[in-house]
Amino acid sequence: MIEVVTLGTGSPIPDPTRAGAATLVRADGKQLLFDCGRAVVMRLAGAGSLPMLLDALLLTHLHSDHTTDLNDVITTRWIMSPVESPLPVVGPPGTERVVDRTLAMLTDDVGYRRDHHADLNWDPSCAVAEVLDGVAWEADGVRVTAAPTDHRPVSPTIGYRVEAGAHVVAIAGDTVPCEGLDRICEGADVYVQTVLRDDLVRAVPSPRFQDILDYHSTCADAGRTAANAGVKTLVLTHPVPPPAPGTEAQWIEAAAEHFHGEIVLAHDLWSTTLT
Ligand SMILES: [Zn+2]
Ligand SMILES: [Zn+2]
């Protein structure tokens with residue numbers, strides 16, 4: 001059984017209805033969190049989970065909108081765990097450095113809490129594994145493999161393929177179509193892809209906004225990747241810019257020109273279960 005919950009479907013642009021990038025996958029009793037953007041711990045609670053229950057946090061890349069609440073995941077797991085419980089963190093090369101800096105940032109707070117709670121007699125910690133290609137995490141028949149994606153100049157970046165029993169879920173971060181993305185998506189039941197609308201982005205007269213056009217999948221790109229890989233359901237997330245109310249169908253139609261399976265424009269706490 002695999003359940004996919006899009007915890008946060010937002011992008012760097014603040015949207016009161018969309019938390020930052022994060023997707024929870026529950027696979028045969030394992031809880032895997034992919035990315036940890038803005039307000040991820042609130043959305044985890046909304047999905048009936050908590051940081052202390054996670055079997056691993058897997059990062060697609062180290063852009064802030066995908067990692068900004070790493071500190072909250074670490075701290076909340078630490079203060080709620082009855083025994084020392086290092087957080088397994090998987091990510092592309094560079095992840096260990098970001099985790100170390102996050103733990104360093106938390107040093108003062110760790111001191112306050114340890115001084116106050118006699119039974120909290122360990123520091124928060126993470127068990128970091130850096131991967132680029134190949135097996136990223138595995139336990140009890142649930143396997144996650146990684147493949148490099150293309151979000152240059154942000155590099156390295158990776159996407160993940162979760163396999164449990166006969167079911168396959170592909171979790172892509174920010175990337176344009178590429179060979180590694182095709183590999184993680186091959187035959188997937190569900191393919192979750194961050195997207196932008198190039199027509200809307202082009203209409204905004206801001207050089208900084210125009211910069212993002214060349215390193216994201218458009219809805220059409222996501223549709224083509226889904227069709228090439230023969231996936232069953234394409235889930236569009238992290239839409240840039242945030243869809244105006246009533247325009248959701250346009251996002252789906254843009255992907256549907258290239259892909260004839262099921263297409264969903266995810267909202268926070270949207271979920272699907274494969275049994
Ligand atoms: Zn992003
Ligand atoms: Zn990014």
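These are my notebook entries on a predicted model of one protein chain.

**Overall layout**

I started with the whole chain. I counted ten helices and 15 strands in its secondary structure. Its C-alpha trace spans about 60 × 45 × 30 Å along the principal axes. I then checked the radius of gyration: the chain has 18 Å, and a compact globule of 275 residues would come out near 19 Å, so the two agree. Buried residues account for 45% of the 275. I also looked at how far apart in sequence the contacts reach. Taking contacts between residues at least 6 apart, 64% of them join residues at least 24 apart.

**The nonpolar core**

Next I pulled out the largest nonpolar core, which has 72 residues. Which residues have the most contacts inside it? I got Leu58, Val162 and Leu236. Strand 11 supplies the largest share of this core, with five residues.

I followed up on Leu58. Leaving out residues up to four places away in sequence, Leu58 touches Leu32, Phe34, Val90, Gly91, Ala136, Trp137, Val144 and Tyr160.

**Strand 13 and its partners**

I moved on to strand 13, residues 233-240. Seven of its eight residues are buried, so I noted the strand as mostly covered. Strand 11 (residues 190-196) runs parallel to strand 13, and six bridges join the two. In that pairing I found Val190 opposite Thr233. Strand 14 (residues 262-265) is also paired with strand 13 in the parallel sense, this time over four bridges. Here Thr233 turns up again, standing opposite Glu262. I traced the link from strand 13 to strand 14: the chain passes through helix 10 (residues 248-256), and the β-α-β crossover is right-handed.

**Ile252 on helix 10**

I picked Ile252, which lies in helix 10, for a closer look. Is Ile252 buried or partly exposed? I have it as partly exposed, because 17 other C-beta atoms lie within 10 Å and the buried class needs 20 or more. Setting aside neighbours within four places in sequence, I found Ile252 in contact with Ile263 and Leu265. I also noted Val264, twelve residues from Ile252 in sequence and 6.8 Å from it in space, C-alpha to C-alpha.

**Helix 9**

I listed the buried residues of helix 9 (residues 219-229): Cys219, Asp221, Ala222, Gly223, Thr225 and Ala226. What do they pack against? I found helix 6 (179-185), strand 11, strand 12 (217-218), strand 13 and helix 10. Just past the end of helix 9, Gly230 takes a positive phi of about 70 degrees.

**Helix 3**

I did the same for helix 3 (residues 70-80), where Leu70, Val73, Ile74, Arg77 and Trp78 are buried. Looking down the helix axis, I saw these residues fall within an arc of 120 degrees, so they line one face of helix 3. They pack against helix 1 (40-46), strand 4 (56-58), helix 2 (64-67), strand 5 (87-91), helix 4 (95-105) and strand 6 (126-130).

**Backbone oddities**

I finished with a look through the backbone angles. Most residues other than glycine have a negative phi, and most peptide bonds are trans, so I wrote down the exceptions I came across.

I logged a cis peptide bond from Ser155 to Pro156, with omega near 0 degrees. Pro156 sits in strand 9 (residues 154-164). Val240 and Pro241 are also joined by a cis bond, with omega at about -5 degrees. I placed Pro241 in the loop between strand 13 and helix 10.

As for phi, Asp28 is not a glycine, yet its value is positive, about 45 degrees. I found Asp28 in the loop between strand 2 (22-27) and strand 3 (30-34). With 13 C-beta neighbours inside 10 Å, Asp28 goes down as partly exposed. Ala39 has a positive phi too, near 70 degrees. Ala39 belongs to the loop between strand 3 and helix 1. Where Asp28 is partly exposed, Ala39 counts as buried, because it has 20 C-beta neighbours inside 10 Å.

Key:
Residues numbered from 1 in each chain as written. Chains lettered and ligands numbered in written order. Predicted model: local features only at pLDDT ≥ 70, side-chain atom pairs only at ≥ 80, totals over all residues. Buried ≥ 20, exposed ≤ 12 C-beta atoms within 10 Å, placed from the backbone. Pairing = 2+ DSSP bridges. Right-handed = clockwise from strand over helix to strand, strands pointing away. Arc of directions from axis to C-beta. Contact = placed C-beta atoms within 7 Å. Rg over C-alpha atoms; globule rule 2.2 N^0.38 Å. Core = buried A, V, L, I, M, F, W, Y, C linked by C-beta atoms within 7 Å.
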